[in-house]
Amino acid sequence: MTAKTIIDPPSVAPARAGRILAVASGKGGVGKTWFAITLAHALARAGEHVLLFDGDLGLANVDIQLGLMPAHDLASVVEGRVGLAEAAQPHEGGFAILAGRSGSGALSQLAADRLDRLLGMLREESARLDRVVLDLGAGLERSVRRMASFADTLLVVATEEPTSLTDAYAALKLHASDSPAGQARIVVNQASSRSAGERTYATLARACQTFLGHAPVLAGVVRRDERVRDAIRRQTLFLTRYPSAPAALDVETIAAAIRGA
Ligand SMILES: Nc1ncnc2c1ncn2[C@@H]1O[C@H](COP(=O)(O)OP(=O)(O)OP(=O)(O)O)[C@@H](O)[C@H]1O
Ligand SMILES: [Mg+2]
């Protein structure tokens, strides 16, 4: 039995995703930040006006993966020193980045009402953009759940590891109760092949279908590629450094599906 026969409706994303995308996983280290950066870049290359927002309030690292020294960041916005639009820095990849600040108490202990105010500012700013990509932290604590349900579309990244699958399921379950009308899609990352990734998706989708009564569609499969590690080590954009690598093509395909192209 193949993934396609197990899951109904079909596992291909049918329509355009929302303007605000959040990338979550539950489990840490599955590739959320790398995927969020690369997706933002792919969407920008397709002509979209994109903001990549580092929503990891504890251990922000978009700036680290790209070797940035931002003049302003999310903590500056929360402290009221600059506005959100001013804090967002243009990047050579053709998209803007609002960096986080790793280890900032102001961010990691942000009260619920202040987080909501920040998200209100982001919603307002998003009206001037085609897309916002929100990279979330690991875990499923209050602020992660709040940002996941704030997004129009939640992209849950899973790998084939059992702990990743159970954490991704937990993220999807909480999202279904926090945001019953919300849209979630699954990204399988670090797959050994496309078909192995589709099998991983089918396992997760089956659990969702059985226990939640609904299976999120597959946003896409990204194959495992040692060049990802290399690009991160060099603090360069993956699509610039390795534009024809399989993982690059996979992220471009996901970006096209998100655009409904
Ligand atoms: N497709 C891939 N192929 C090979 N390695 C990958 C792939 N995607 C991510 N990785 C590796 O996974 C590691 C973790 O990536 P990343 O920091 O983006 O994960 P994360 O989910 O954001 O982690 P955290 O939960 O700590 O925020 C990186 O070192 C990267 O090299
Ligand atoms: Mg991360």
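In which strand is the place of Q190? Strand β7 is where Q190 sits, and we will come back to this residue after a look at the whole chain.

## The model as a whole

Please keep in mind throughout that this is a predicted model. The mean pLDDT of the protein is 93, and 94% of its residues reach 70 or more. The exception to flag here is residues 1-11, where the pLDDT is below 50. That stretch still has 16 contacts in the model beyond near neighbours in sequence. Where pLDDT is low, the predicted coordinates should not be read in detail.

## Fold and overall shape

The protein's secondary structure comes to 13 helices and eight strands. Its radius of gyration is 17 Å, close to the 18 Å from the globule rule for 261 residues, so the protein is as compact as a globular protein of that length. If you would like a feel for the dimensions, the C-alpha trace spans about 55 × 40 × 30 Å along its principal axes.

Two further figures help to describe the packing. Buried residues make up 49% of the 261 residues. Among contacts with a separation of 6 or more, 77% come from residues 24 or more positions apart.

## The nonpolar core

The largest nonpolar core has 86 residues, and those with the most contacts inside it are A22, V23, L52, V133, L134 and V156. Helix α2 gives the largest share of this core, nine residues.

Two of these residues make good starting points for a tour. L52 has its place in strand β2, residues 50-55. It counts as buried because it has 29 C-beta neighbours inside 10 Å, where 20 or more are needed. Leaving aside neighbours within four places in sequence, L52 is in contact with A36, I37, A40, V62, F95, I97 and V133. For a sense of distance, the C-alpha atoms of L52 and L172 are separated by 22 Å, and these residues are 120 apart along the chain. L134, with the same neighbours within four places left aside, is in contact with I20, L21, A22, V23, F53, G55, M147 and A151.

## Around ligand 1

There are 20 residues around ligand 1, and G28, G31, K32, T33 and A138 come nearest. By class, this shell has seven nonpolar, eight polar and five charged residues.

Which elements each supply at least two residues of the shell? They are α2 (32-45), β7 (183-191) and α11 (226-233). Helix α2 therefore appears both here and as the source of the largest share of the core.

## Strand β7 and its approach

Back to Q190, in strand β7. Although it is not a glycine, Q190 has a positive phi of about 60°. Most residues other than glycine have a negative phi. Is Q190 buried or exposed? Q190 is buried, because 23 other C-beta atoms lie within 10 Å and the cut-off is 20 or more.

Q183 lies in strand β7 as well. With 18 C-beta neighbours inside 10 Å, Q183 counts as partly exposed. Not counting residues up to four places away in sequence, Q183 touches G18, D152 and T153. The C-alpha atoms of Q183 and V133 are separated by 15 Å, with their positions 50 residues apart along the chain.

P180 is found in the loop between α9 (162-178) and β7. P180 counts as exposed, with 8 C-beta neighbours inside 10 Å. From C-alpha to C-alpha, P180 and S149 are 9.2 Å apart in space, and they are 31 residues apart in sequence.

## Two glutamines in loops

Q235 has its place in the loop between α11 and α12 (238-241). Its phi is near 55°, a positive value in a residue other than glycine. Q235 is exposed, because 12 other C-beta atoms lie within 10 Å and exposure means 12 or fewer.

Q109 is found in the loop between α6 (105-108) and α7 (112-126). With 11 C-beta neighbours inside 10 Å, Q109 counts as exposed. The C-alpha atoms of Q109 and A176 are separated by 25 Å, and the two residues are 67 apart along the chain.

Notes: Residues are numbered from 1 along each chain as its sequence is written. Chains are lettered from A and ligands numbered from 1 in the order in which they are written. This is a predicted model: local features need pLDDT of at least 70, side-chain atom pairs count only at pLDDT 80 or more; totals for chains, interfaces and linings use all residues. Helices (H or I, at least four residues) and strands (E, at least two) are DSSP runs, numbered from the N terminus. The radius of gyration is taken over C-alpha atoms; the globule rule is 2.2 Å times the number of residues to the power 0.38. Two residues are in contact if their C-beta atoms, placed from the backbone, lie within 7 Å. A residue is near a molecule or strand if its C-beta atom, placed from the backbone, lies within 6 Å of it. Ala, Val, Leu, Ile, Met, Phe, Trp, Tyr, Cys and Pro count as nonpolar, Asp, Glu, Lys and Arg as charged, and the others, Gly among them, as polar. A nonpolar core is a set of buried Ala, Val, Leu, Ile, Met, Phe, Trp, Tyr and Cys residues joined through C-beta atoms within 7 Å. pLDDT is the predictor's confidence in each residue, from 0 to 100.
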